[in-house]
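Here's a quick walk through this model, written for someone who likes to see the numbers next to the picture. Have a look at the structure first, and then we'll start at the metal site.

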Amino acid sequence: CFKTNPDYIRSFLFESKLMPSTWIVIRIDGCHFHRFADVHEFNKPNDKQALGLMNLCAEAVLEEFHDIVFCYGVSDEYSFVLKKDSQLYQRRASKIVSAIVSFFSSMYVMKWKDVFRKKELKYPPSFDGRAVCYLSNEILQDYLAWRQVDCHINNQYNTCFWSLVKSGKSKSEAQNYLKGTQAREKNELLLKEFGINYNTLPLMFRQGSSIFRVKRENPTLLENDASSVEKTETKIVTEHCNIIEQSFWEAHPSILD
Ligand code: DGT
Ligand code: MG
Ligand code: MG
Ligand code: MG
Ligand code: MG
């Protein structure tokens, strides 16, 4: 029968494939996390445990999806970089995005109690996701730098904003107070009014989190006559470092190799 002919049914399916030989970045972002953070009483502006949970989930994603070479996270978002020649799901965008987003969301729920031992998860969190291709290492690095600049700008603003609010100003007073201020003025405000030296705040808050693999020598195998392959092991590391500066990429050439 015409109506159930599989070719006819399939003819409606449109699979958008990501451009070959380009870096694929999947960025996921918490849905309505403003509310989620309020309901779960996250510390403002930064909750160490909540950010730590995001990092645990991202580490699990990196372990699960072998084509991911780098992850960068800040606030309720994470970017996952897949290697240029990845053939994951034949580079079908909706498959890759949905698989990563659902894996991350499940992990968030599973690991919640490990991080927030006594705090109850009140409702299921969800994340949205999108895929973008970047043609060159340079543009990919510019993308990641953009996210880290955003982290810094938001963190500096939010640190000032919540310091003002905690000191008794209303939210709109704090907002007006900060309107048009430059970075230097914000740092001065923090230091003079609140005794906070911005540059000594935790690196995770100021620089976000980067997750990647490093190869290192396995000291326990070095003495034996293990082959050179066995002597090196791959480890996943989470660092809070400056990825805007070229020196990071020069120090870790294997990431974008
Ligand atoms: P969306 O993404 O359009 O569904 O809406 P939101 O509300 O998720 O907005 P977004 O993603 O632009 O901003 C992230 C929100 O998550 C922001 O309103 C504050 C909240 N958030 C993220 N990390 C923390 C944290 O460590 N502490 C607190 N208190 N809130 C956080
Ligand atoms: Mg969003
Ligand atoms: Mg969000
Ligand atoms: Mg966000
Ligand atoms: Mg299936």
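Two magnesium ions make a good starting point: the magnesium ion (ligand 3) and the magnesium ion (ligand 2) are 4.0 Å apart. Keep in mind that this is a predicted model, and every distance here is computed from it.

Let's stick with ligand 3. Which protein atoms hold the magnesium ion (ligand 3) as donors? They are D29 (OD), G30 (O) and D76 (OD), at 2.0 to 2.2 Å from the ion. Read along the chain, the donors of this magnesium ion follow the spacing D-G-x45-D. D29 belongs to strand β1 (residues 23-30), while D76 sits in the loop between β2 and β3 (77-82), so the pair ties together parts that are 47 residues apart in sequence.

What about the geometry? Around the magnesium ion (ligand 3) there are six donor atoms, and the angles they subtend run from 81 to 179°, which makes the arrangement octahedral. For reference, the ideal angles for six octahedral donors are 90 or 180 degrees.

Next, how covered are the aspartates? Here are the two that bind ligand 3, along with D67, which comes up again below.

| Residue | Relative accessible area | Class |
|---|---|---|
| D29 | 22% | partly exposed |
| D76 | 14% | buried |
| D67 | 18% | buried |

The cut-off matters for reading this table: buried means under 20% relative accessible area. D29, at 22%, is therefore partly exposed, whereas D67, at 18%, counts as buried.

Where does D67 sit in the fold? It is found in the loop between α3 (48-64) and β2 (68-74). Setting aside neighbours within four places in sequence, D67 is in contact with V81, L82, K83, S86, Q87 and L88.

Now zoom out to the whole protein. The fold has eleven helices and six strands, and its C-alpha atoms fill a box of roughly 70 × 65 × 40 Å along the principal axes. Of the 257 residues, 41% count as buried. Among contacts with a separation of 6 or more, 72% come from residues 24 or more positions apart.

As for the surface, the protein exposes about 14,900 Å², and carbon and sulfur atoms supply 52% of that. On the charge side, there are 33 positive and 32 negative side chains, with the centres of the two sets 6 Å apart.

Terms used: Residues numbered from 1 in each chain as written. Chains lettered and ligands numbered in written order. Predicted model: local features only at pLDDT ≥ 70, side-chain atom pairs only at ≥ 80, totals over all residues. Heavy atoms only, no water. Helix = DSSP H or I, 4+ residues; strand = E, 2+ residues; numbered from the N terminus. Buried < 20%, exposed > 50% of the residue type's maximum accessible area, 1.4 Å probe, protein only. Contact = heavy atoms within 4.5 Å. Areas by Shrake-Rupley, 256 points an atom, 1.4 Å probe, with all protein chains shown as cover. Lys, Arg positive; Asp, Glu negative; His and termini not counted. Charge placed at Lys NZ, Arg CZ, Asp CG, Glu CD. Donors = N, O, S within 2.8 Å, 3.2 Å for Na, K, Ca; no water. Tetrahedral: all angles 85-135°; square planar, octahedral: opposite > 155°, others 65-115°.
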